[in-house]
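Student: I would like a close look at a single part of this model, followed by an account of how its surroundings are put together. Could you take one helix and work outward from there?

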Amino acid sequence: MRRTMMYLPGNNPNMLLKGYLFRPDGLIFDLEDAVSANQKDAARILVRNVLSSQSFGDCEVSVRINALDTEFWRDDLCAVGAAAAINRRVNGIRMPKAESKESVIALDDTLSELEDKNSLPQGHFKIFCLLESANAVWKAYDIATASRRVTGLTPGGEDLAADLRTTRSREESELDWIRKMILVAGRAAGVDVLDAAYPLIHDLEGLKKQTEGIRQLGFDGKSVLHPSQIQVIHDVFTPSATDIEKSLRIVRAAAEATKNGQGAVAVDGRLVDVPVIKRAMYLLTLAGLDAEEAVL
Amino acid sequence: MSKNILGREIPNYIEGYGAAVPYAGLNTRRPNGSGKIKLRPNQRGKNKVLKSIEDAITASGLKSGMTISFHHHLRNGDRVVNLVLDACFRMGVRDLTLFPTALFEVHEPIIEHIKNGVVRRIMGSVNGPVGRMVSSGVLPEPVVLRSHGGRPRAIMSGEAPIDVAFIAAPCADRWGNLSGLSGSSRCGSLGYAHTDALYADMVVALTDNLCSCLIAPVSIPQTHIDFLVEIPSIGDPKGIVSGSTAVTRDPLRLLIARYASRVIEASPYFKEGISFQTGAGGIPLAVTAFMKEAMIRSSVRGNIGLGGITGYFVELLKEGFLKRLLDVQSFDATAIQSLCEDPSHIEISADWYANPWNAGAAVDMLDATVLGATEIDRDFNVNVNTESDGALLHGIGGHQDTAAGASVTIIAQPLMRGRIPCATPRVHCVTTPGETIDALVTEYGVTVNPNNADLLERVRGKSDLPLVSMDELIDKASALSGRMDEIEQGDKIVAVIEWRDGSVIDIVRSRG
């Protein structure tokens, strides 16, 4: 599950060490926007040491490196590689300003070298692409399919709004079509689609409303800037008791049909086909249930 | 020397304290003794109002070697303790036993009065600079630390008689009726002063708001007050309102508060009519806020909110989530105003609040309480009195009383304070025994006392409450802090920590 991926500023040791205690689904150790240029080296060392020496509960662990048009990104990757050699849970690279298929391939190549150098299996690192310009959004499908490492797409926030020659409004209506385009591209490419963070950290009602909207669109989760946002997003993504019950009936009926050699099965008077079953299993996962165990 | 039931070595006789009764369990010491309420000759026609503190000292008969008491409702804004001690110094009154309900940073001038011989002994919390000084062993007799309930018990049983009680009164009339509800130094409840007023041989009230007509309502009646002195100011309003009455915004502390609230929710006591005490301070206030959310979610309405009352508790009362507030100490302006206006918000004495030897202490009505700690150990014994360097820095407050009274007692505390771990193999000194503690909540999750198997099972069933064993927690803290040096201690006993029934739960020795 990637309902919540929380950014941890790379120069904030307290949050780096304790961010996982808030139990987001994933952590993003941020070496990019959260760190000023004169702090890049210090933050990189700190992040490397924390990643190497600490455990992070059940969280997926990724690092937002600096963009490929900066002087920092190769050093960032070296630090991440060294940490991953010690702590294999470090396996996510958040790629800012993913602009083209070529840029993703360039990163893919460097990650392959990094894996060899640190005795990590090929394909260890996954890439989460941040699409922060109109051009990137337009090429979303190409970017998502440029490498098998690409695992997720995320729209940018401020940068993207600026590139669209608008500003980010509270309702973010200017990003409506962007979200839909990325969602379609991501689904077509078979990768997760994860929404940008909601920037107004004290407006939990607004966050709830936005999260309900992106969940209905089909997004898998959302970036998080502050721990207080986690529960709100989890609550929205947590299925209702009625939905869980219905999903259990569907997966149980499907399992029974398979066992009896039946091709199709009806639940509550409706024919249940493969997509419906997959959807029901995903929903059980969101509810924290193991679909296979639920069948037993 | 003998060991009490917690394995703490307690001398049979402590110089400057007397024979020590070793702690033997929560309710094992039977009530005994009897304090006396002094009878006075007829007061008709007597003018109680005197011109100065010196006049009151003379009139009260205060002499060197006697015991004087104070309340701490004016908290860090209090001027009365320092004014009275200054007057004693000028008058050559020495070797006093100071018996406050608590002391604060503002009372730092006591250090001078220890040096010049005015103060020989302290019975009460010694915070800040006074605590550091006392910890080095400068006082000839050990400090006696008692809980908010243990103190009135000691007075009423005759163990701790008071010669003269000095009572700061934000509002008074010339007959001696006192209240904390109005005036520029208003503080709300005067709960901690009630027992002193009743049992002291002589009672002197000091006020900066002497009313010409009889005040209403009355907190402490004229029947107990011998003399009154009007002074320009008894306190600084900025220091009277507690500095610890805002909900924390620290996400980690909020996480701890949420876990604590969820533990209460998971307990069998979270049901219609629940009574609880959460206190002031960032985490407890956040627990109060989360409790309200939980009560809304579960359609539960509570009964009594107890203890130090804040605006957050008043909100629960006003919105119908609680039916009554029992207020021994009003922490903020909202609480004071509510005490003035709402008959469901009731002022109570420290005796009513927490005395284990009366016919019904309010703490015994508690279903749940949330407390802090400086240290907690493998046996869940809690220390709130000494800092990491062994110095006396905190009083007991209502810690022992609420822990003993509540059905569920939760310690909610970050695992580390700077480099100092809260979870430790053995606490430096025991304030509250582990048998009263049901769970420790830190940012790492919930550590349930294995003695409470029911709560353990209930928490185990909650996916949003991570369970951490005490051993795991201590290992984690130790890994973060590194090896902590042993506290070097001298031989001299600088403090005796009494359990609320007057038995000795632990002692503190001077810093080496």
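Tutor: What follows begins with one helix of chain B and then moves outward to the rest of that chain and to chain A.

The model is a predicted one, and local features are discussed only where pLDDT is at least 70. The helix in question is α15(B), which covers residues 470-481 and so has twelve residues in a DSSP run. From its first C-alpha to its last it reaches 16 Å, close to the 16 Å expected at 1.5 Å a residue. Which residues of α15(B) are buried? They are B:Met470, B:Leu473 and B:Ile474. Because these residues cover an arc of only 95 degrees around the axis, they are on the same side of α15(B). As a general point, an α-helix has 3.6 residues a turn, so residues three or four places apart point the same way. The face of α15(B) turned away from the buried side carries B:Asp471, B:Asp475 and B:Ala479, which are exposed.

The buried residues of the helix also have identifiable partners, since they pack against three strands of chain B, namely β26 (423-424), β27 (439-442) and β28 (445-448). Just after α15(B) comes B:Gly482, whose phi is positive, at about 75 degrees.

To place the helix in its chain, one can turn to the domain assignment, which gives chain B a domain 1 made of 43-123 + 160-240 and a domain 2 spanning 251-490. Taken over C-alpha atoms, the centres of domain 1 and domain 2 of chain B are separated by 32 Å. The contact between them takes twelve residues from domain 1 of chain B and 15 residues from domain 2 of chain B. On the side of domain 1 of chain B that touches domain 2 of chain B, the residues divide into four nonpolar, seven polar and one charged.

Elsewhere in chain B, three strands form an open sheet with mixed pairing, in the order β12-β11-β14. Its edge strands are β12 (178-179) and β14 (210-211), each of which pairs on one side only. Strand β11 of chain B, residues 171-173, runs antiparallel to β12(B) and is joined to it by two bridges, and B:Cys171 stands opposite B:Ser179 in β12(B). In the loop between β14 and β15 (227-230) of chain B one finds B:Pro217, which is joined to B:Ala216 by a cis peptide bond with an omega of about -5 degrees.

A further backbone detail in chain B concerns B:Phe380, where phi is near 65 degrees, a positive value in a residue other than glycine. B:Phe380 lies in the loop between β21 (375-377) and β22 (382-383) of chain B, and it is buried, with 26 other C-beta atoms within 10 Å. A positive phi away from glycine is also found in chain A, where A:Arg165 has a value of about 60 degrees. A:Arg165 lies in the loop between α7 (158-163) and α8 (176-189) of chain A, and because it has 8 C-beta neighbours inside 10 Å, A:Arg165 counts as exposed.

The link between the chains can be stated briefly: six residues of chain B are in contact with seven residues of chain A. On the side of chain B that touches chain A, these residues divide into four nonpolar, one polar and one charged.

Chain A itself is divided into domain 1 (4-237) and domain 2 (241-295), with 32 Å between the domain centres, taken over C-alpha atoms. Strand β2 of chain A, residues 26-30, has five of its five residues buried, so it is largely enclosed by the rest of the structure. From β2(A), A:Gly26, A:Ile28 and A:Asp30 point one way, while A:Leu27 and A:Phe29 point the other way. Strand β1 (residues 4-9) of chain A pairs with β2(A) in the parallel sense over five bridges, and A:Leu27 is the bridge partner of A:Met6.

A last residue to consider is A:Val265, in strand β9 (residues 265-267) of chain A. Having 18 C-beta neighbours inside 10 Å, A:Val265 counts as partly exposed. Leaving aside neighbours within four places in sequence, A:Val265 is in contact with A:Ala253, A:Ala254, A:Ala257 and A:Val272.

Conventions: Residues are numbered from 1 along each chain as its sequence is written. Chains are lettered from A and ligands numbered from 1 in the order in which they are written. This is a predicted model: local features need pLDDT of at least 70, side-chain atom pairs count only at pLDDT 80 or more; totals for chains, interfaces and linings use all residues. Two residues are in contact if their C-beta atoms, placed from the backbone, lie within 7 Å. Ala, Val, Leu, Ile, Met, Phe, Trp, Tyr, Cys and Pro count as nonpolar, Asp, Glu, Lys and Arg as charged, and the others, Gly among them, as polar. Domain bounds come from an automatic or database domain assignment. Two strands pair if DSSP finds at least two bridges between them. Helices (H or I, at least four residues) and strands (E, at least two) are DSSP runs, numbered from the N terminus. The expected span of a helix is 1.5 Å times one less than its number of residues. A residue is buried if 20 or more other C-beta atoms lie within 10 Å of its own, exposed if 12 or fewer, and partly exposed in between; C-beta atoms are placed from the backbone. The arc is that of the directions from the helix axis to the C-beta atoms.
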